[in-house]
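Got the structure open? Here's a quick briefing to read alongside it, one topic at a time.

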Amino acid sequence: MKPLRLVQITDTHLFGEESGDLRGLATLPALRAVLDSAAADIAAADALLVTGDVVQDDPRGYAHFHAALRGLRKPVLCLPGNHDDVPQMRAALRGGPFQVGGWLDIADWRVVMLDSVVAGRAGGRLPAHELEELERTLTGAGRRHALVCLHHHPVPMSSRWLDEVGLENAEEFFEVIDRHRNVRGIVWGHVHQAFDQLRGRVRLLSTPSTCTQFRPGVEQFAVDTRPPGYRILELRADGAIDTEIVWLERFVARSPQPAARSSSAA
Ligand SMILES: [Fe+2]
């Protein structure tokens, strides 16, 4: 059986201005570089997965995101992050190929998109109705394997500043997850770094941003020198996940001045 193939991009942090930058890196050129570099992987994928912070507190950025991906003839599965404006994101990304939230069945898998955004806060929380919906969605998946996607990290990242802005009710989230043996993977954005661990039989994965990265394992916020990146996911019919991060090693930033903006991180 052919595996389900996804490409995940995350934390694009776009602005209305094409030159808008996050921590010294212009985010729209970085996204375009990632999409160029990933073109063959995206062409081979069944869907694109986008795990939040599409814009950096600037809803005008959605037009650039829409323009970059509207021609894709495959689903673009999106969920919001703390820098998104959820109503504006839903309005801007209405209609094919975009889907914001909900779930989609492809081959032997159900891909579930959650909204963990709390307006005005960097940290996240899954409200009771979202957890109830997750419960129903996982039950309804039947024999399909499930990949659960959200913006905020549900486990500590060994980085004090980041762990203060993770998913605050992760315990409730895992109570739901643990009732459903069909969950095989949990994928998030927000942390601008790669992470890959197992929790029982569930693969836990985070993915670098398409722009600036954060240095892993540090107490205080620090920018990492790693280039933009994306993740390839191969979800097999037996529930196993093959995955790799692709870093744009030859990427050259167009606006290398450090800390040009004081926008909040994550
Ligand atoms: Fe982010």
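Trp-161 touches Glu-219, Gln-220 and Phe-221, leaving aside residues up to four places away in sequence. Keep in mind that this is a predicted model.

**Around Trp-161**
- You'll find Trp-161 in helix α6, which covers residues 160–163.
- Take one of its contacts, Gln-220: Trp-161 and Gln-220 sit 59 residues apart in sequence, yet their C-alpha atoms are 5.5 Å apart in space.
- Is Trp-161 buried or exposed? Neither label fits: Trp-161 has 16 C-beta neighbours inside 10 Å, so it counts as partly exposed. To be buried it would need 20 or more, and to be exposed 12 or fewer.

**The sheet**
- Six strands make an open sheet with mixed pairing, in the order β6-β5-β4-β1-β15-β16.
- At the edges are β6 (98–100) and β16 (241–247), each of which pairs on one side only.
- From one strand to the next, the twist averages 20 degrees.
- Strands in a sheet pair through backbone hydrogen bonds, and the pairing can be parallel or antiparallel.
- Strand β5 (residues 76–79) pairs with β6 in the parallel sense, over three bridges.
- For Val-76, the bridge partner in β6 is Phe-98.

**Helix α5**
- Here's a ruler check: helix α5 (residues 128–140) has 13 residues, so at 1.5 Å a residue it should span 18 Å. The C-alpha atoms at its ends are 18 Å apart, which agrees.
- Just after α5 comes Gly-142, with a positive phi of about 60 degrees.

Terms used
Residues are numbered from 1 along each chain as its sequence is written. This is a predicted model: local features need pLDDT of at least 70, side-chain atom pairs count only at pLDDT 80 or more; totals for chains, interfaces and linings use all residues. Helices (H or I, at least four residues) and strands (E, at least two) are DSSP runs, numbered from the N terminus. The expected span of a helix is 1.5 Å times one less than its number of residues. Two residues are in contact if their C-beta atoms, placed from the backbone, lie within 7 Å. Two strands pair if DSSP finds at least two bridges between them. Axes are lines fitted to C-alpha atoms, for helices over the stretch in contact, and angles run from 0 to 180 degrees between N-to-C directions.
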